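Have the sequence and the 3D view open side by side. This report walks through the fold, its cores, its cavity and a few loop residues.

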Amino acid sequence: MTSEPHIVVVDDHREIRDLVAAYLSRHGFRVSVAESGVALRRILERGTADLLVLDIMMPGEDGLSICRQIRGSNDLPIIFLTAMADDTDRIIGLELGADDYLVKPFNPRELLARVRAVLRRTSGASPPREASKDQIIDFHGWRLHVRRRELQSRDGLGVALSTAEFRLLKVFLDHPHSVLTRDELLDLTVGRTADPFDRSIDNQVSRLRKKIEPDPKNPTIIQTHWGGGYSLSVEVSVK
């Protein structure tokens, strides 16, 4: 059995697949390549992967659809490859739960650094879900079951959270009453700093407010600090 992390590179351009595969292989990774979602599923059926490098723009089933399907069943780390013009797709990808993204054209050394950083954050960070005890967090009439990633209202109704929304809410609950900047929120949720025009955190906060605030236009749970960031302004109880 090999101990090298297994990376799967999914891109419809053969030149990019081969370039990335060769570079990562030279730096100690076991690499498989796939030209489509169908080919990726064949690889995953034969064994496990430790991380996906996934192109967003592919004919037929695109990277966003593949990410959405994967996030429905597991937390396999994903790094998106995206074109410079695909700002909306990049933000959607992060909201779906991608761990990082890289804009084409990219330097293979930067991809290698991001692969290593994501693997450091995700490998061995927590015990398997089935074996871990569920943590329950109560706040302002809401209850979050951490292991199950389920949010319940005061009357017991479930509210669906995307992977990105869950990560963001968990960060706020872990740091109540602390003002967190956009850079800090991005670092704590996906492990990177913000680009100058990166508004993905603002979009995620807005989506989260619509789900948990009594009046999203006048938020009282997640407050905005102009020029500073955001903070969770309610009490938190952990069980």
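Residues 24 or more positions apart make up 56% of the contacts in the protein with a separation of 6 or more. This is a predicted model. The protein's secondary structure comes to eight helices and 12 strands. Of its 239 residues, 44% count as buried.

**The nonpolar cores**

In soluble globular proteins, nonpolar side chains tend to be buried together. The largest nonpolar core here has 48 residues. Within this core, Phe-139, Leu-144, Phe-172 and Ile-222 touch the most other members. Helix α6, residues 163-174, gives the most to the core, with six residues. Another core lies apart from it and has 17 residues. Phe-29, Leu-51, Leu-81 and Phe-106 are among them.

Now pick out Leu-144. Ignore its neighbours within four places in sequence. Leu-144 is then in contact with Gln-135, Ile-136, Ile-137, Glu-150, Leu-151, Leu-161, Phe-166, Leu-169 and Leu-173.

**Helix α8**

Helix α8 covers residues 200-212, 13 residues in total. From its first C-alpha to its last, α8 reaches 19 Å. That is close to the 18 Å expected at 1.5 Å a residue.

Which residues of α8 are buried? They are Ser-200, Ile-201, Asp-202, Gln-204, Val-205, Leu-208, Arg-209 and Ile-212. An α-helix has 3.6 residues a turn, so residues three or four places apart point the same way. Keep that in mind as you look along the helix.

**The cavity**

Rolling a probe the size of a water molecule over the atoms shows where empty space is left. How many cavities of 30 Å³ or more does the structure hold? It holds one. The largest cavity has a volume of about 40 Å³.

Its lining is made of Leu-94, Ala-164, Arg-167, Leu-186, Thr-189, Val-190 and Gln-204. By type, the lining residues divide into four nonpolar, two polar and one charged. Helices α6 and α7 (182-190) each supply at least two residues of this lining. The largest share, three residues, comes from α7. Gln-204, one of the lining residues, is also among the buried residues of α8.

**Backbone details**

The peptide bond from Lys-104 to Pro-105 is cis, with omega near -10°. Pro-105 lies in the loop between β5 (100-104) and α5 (108-122).

Two histidines deserve a look. His-140 has a positive phi of about 50°, although it is not a glycine. His-140 sits in the loop between β6 (136-139) and β7 (142-145). His-177 also has a positive phi, near 65°, and is a residue other than glycine. The place of His-177 is the loop between α6 and α7. Are these two residues buried, partly exposed or exposed? His-140 is partly exposed, with a relative accessible area of 43%. His-177 is partly exposed too, at 44%.

**Three loop residues**

The table pairs each residue with a partner further along or back in the sequence.

| Residue | Partner | Apart in sequence | C-alpha to C-alpha |
|---|---|---|---|
| Leu-157 | Trp-142 | 15 residues | 9.8 Å |
| Leu-180 | Ser-231 | 51 residues | 6.1 Å |
| Pro-219 | Ser-233 | 14 residues | 9.9 Å |

Start with Leu-157. It lies in the loop between β8 (150-152) and β9 (158-159). Is Leu-157 buried or exposed? Its relative accessibility is 55%, so Leu-157 counts as exposed, the cut-off being over 50%. Not counting residues up to four places away in sequence, Leu-157 touches Leu-151 and Gln-152.

Leu-180 is found in the loop between α6 and α7. At 6% relative accessibility, Leu-180 counts as buried, because buried means under 20%. Leave aside its neighbours within four places in sequence. Leu-180 is then in contact with Val-171, Phe-172, His-175, Leu-185, Gly-228, Gly-229 and Tyr-230. One of these, Phe-172, is among the residues that touch the most other members of the largest core.

Last comes Pro-219. Its place is the loop between α8 and β10 (222-225). Pro-219 is partly exposed, with a relative accessible area of 24%. Beyond residues up to four places away in sequence, Pro-219 touches Arg-209 and Glu-213. Arg-209 is one of the buried residues in α8.

Definitions and conventions. Residues numbered from 1 in each chain as written. Predicted model: local features only at pLDDT ≥ 70, side-chain atom pairs only at ≥ 80, totals over all residues. Heavy atoms only, no water. Core = buried A, V, L, I, M, F, W, Y, C linked by side-chain atoms within 4.5 Å. Buried < 20%, exposed > 50% of the residue type's maximum accessible area, 1.4 Å probe, protein only. Helix = DSSP H or I, 4+ residues; strand = E, 2+ residues; numbered from the N terminus. Contact = heavy atoms within 4.5 Å. Expected span 1.5 Å × (residues − 1). 1 Å grid on protein atoms, 1.4 Å probe; cavity = no way out; pocket = protein on both sides within 12 Å on 5 of 7 lines; lining within 4 Å. Points joined across faces, edges and corners; volume = space filled by probe spheres on them. Nonpolar A, V, L, I, M, F, W, Y, C, P; charged D, E, K, R; others polar.
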